[in-house]
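Me: I am in my first year and would like a close look at a single part of this protein model, with the reasoning spelled out step by step. Could you take me through the sheet and what surrounds it?

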Amino acid sequence: MFTDSRTDDVQTVITTFETSPGTCADLMDELQAAYAEFISHQPGFVSAALHVNDAQTRIANYSQWQRREDFQAMLRSDEMRARNRRIGALCRSFEPVLYDVAATYGG
């Protein structure tokens, strides 16, 4: 469940991956394994979701962390650096961007 970071003071990260229909499923498998086996167990992890577009050419990842430093520490770990090399081989590009929630709507 995602939190409203305007009140809960969490760090939001949105990462987009450019991929192809031929590698989208493999990339999703790699991302799901990364979350199940490693990322979700890291200090400061709150929640995450993966989204795939209809053409299977983009994957969007929305994650929340207690602090920016928690996310950055996870990225710098040897485990995640190795995983990111495998992820990078399955897509044209990916870029995590840190955001602050400016407004939310709905329940």
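Reply: What follows goes through the sheet strand by strand, then turns to the cavity and the salt bridges.

Please keep in mind from the start that this is a predicted model. In it, four strands make up an open sheet, and reading across the sheet their order is E2-E3-E1-E4, with antiparallel pairing. Strands E2 and E4 are the edge strands, since each of them pairs on one side only. From one strand to the next, the sheet twists by 15° on average.

Let us take the pairing of E1 with E3 to begin with. Strand E1 covers residues 11–18 and strand E3 covers residues 58–65, and the two pair in the antiparallel sense over 8 bridges. To find this pairing in the picture, you can look for Ile-14, which stands opposite Tyr-62 in E3. Another residue of strand E1 that deserves your attention is Thr-12. Thr-12 has a relative accessible area of 2%, and because buried means under 20%, Thr-12 counts as buried. Although Thr-12 and Val-46 are 34 residues apart along the chain, their C-alpha atoms are separated by 9.7 Å.

On E3 there is also the pairing with E2. Strand E2 is made of residues 45–52, and 7 bridges join E2 to E3, the two strands running antiparallel. Two places help you to follow this pairing by eye: His-51 stands opposite Ala-60 in E3, and Ser-47 stands opposite Gln-64 in E3.

The connection between these two strands is worth a pause. E2 and E3 form a hairpin, with 5 residues between them. Gln-56 lies in the loop that joins E2 and E3, and Gln-56 has a positive phi of about 55° although it is not a glycine. To see what is unusual here, it helps to know that most residues other than glycine have a negative phi. As for its surroundings, Gln-56 has a relative accessible area of 36%, so this residue is partly exposed.

From the strands we can move to the space enclosed by the protein. A search of the whole structure finds 1 cavity of 30 Å³ or more, and the space in the largest cavity comes to about 160 Å³. There are 18 residues lining the largest cavity, and the closest to its centre are Thr-15, Phe-17, Asn-61, Met-80 and Asn-84. The sheet has a share in this lining, but helices contribute as well: E1, H2, E3, helix H3 (68–76), H4 and strand E4 (93–99) each supply at least two residues. If you sort the lining residues by type, you get 14 nonpolar, 4 polar and no charged residues.

Charged side chains do appear in another part of the picture, namely the salt bridges. Side chains of opposite charge can pair when their charged atoms come close. Across the whole structure, a search finds 6 salt bridges. One of them joins the side chains of Glu-37 and Arg-83, with a distance of 2.8 Å from N to O. Glu-37 lies in helix H2 (residues 24–37) and Arg-83 lies in helix H4 (residues 78–89), so this pair ties together parts that are 46 residues apart in sequence. The two partners differ in how open they are to the surroundings, for Glu-37 is exposed with a relative accessible area of 53%, whereas Arg-83 counts as buried at 5% relative accessibility.

Arg-83 has a further partner, because its side chain also meets that of Glu-79 in a salt bridge of 2.8 Å, N to O. Arg-83 and Glu-79 are 4 residues apart in helix H4, which means that about one helical turn separates them. Glu-79 is partly exposed, with a relative accessible area of 35%. Salt bridges with shared partners thus join Glu-37, Glu-79 and Arg-83 into one network.

A separate pair to look at is Asp-70 with Arg-67, whose side chains meet in a salt bridge of 3.1 Å, N to O. Here Asp-70 is buried, with a relative accessible area of 11%, while Arg-67, at 45% relative accessibility, counts as partly exposed.

How values were computed
Residues are numbered from 1 along each chain as its sequence is written. This is a predicted model: local features need pLDDT of at least 70, side-chain atom pairs count only at pLDDT 80 or more; totals for chains, interfaces and linings use all residues. Side-chain values use heavy atoms; hydrogens and water are left out. Two strands pair if DSSP finds at least two bridges between them. Buried means under 20% relative accessible area, exposed over 50%, partly exposed in between (1.4 Å probe, protein chains only). A salt bridge is a side-chain nitrogen of Lys or Arg within 4 Å of a carboxyl oxygen of Asp or Glu. On a 1 Å grid over the protein atoms alone, a cavity is a set of points where a 1.4 Å probe fits but cannot get out, and a pocket is an open set with protein on both sides within 12 Å along at least five of seven lines; lining residues have an atom within 4 Å of a point. Grid points are joined across faces, edges and corners, and a volume is the space filled by probe spheres set on the points. Ala, Val, Leu, Ile, Met, Phe, Trp, Tyr, Cys and Pro count as nonpolar, Asp, Glu, Lys and Arg as charged, and the others, Gly among them, as polar. Axes are lines fitted to C-alpha atoms, for helices over the stretch in contact, and angles run from 0 to 180 degrees between N-to-C directions.
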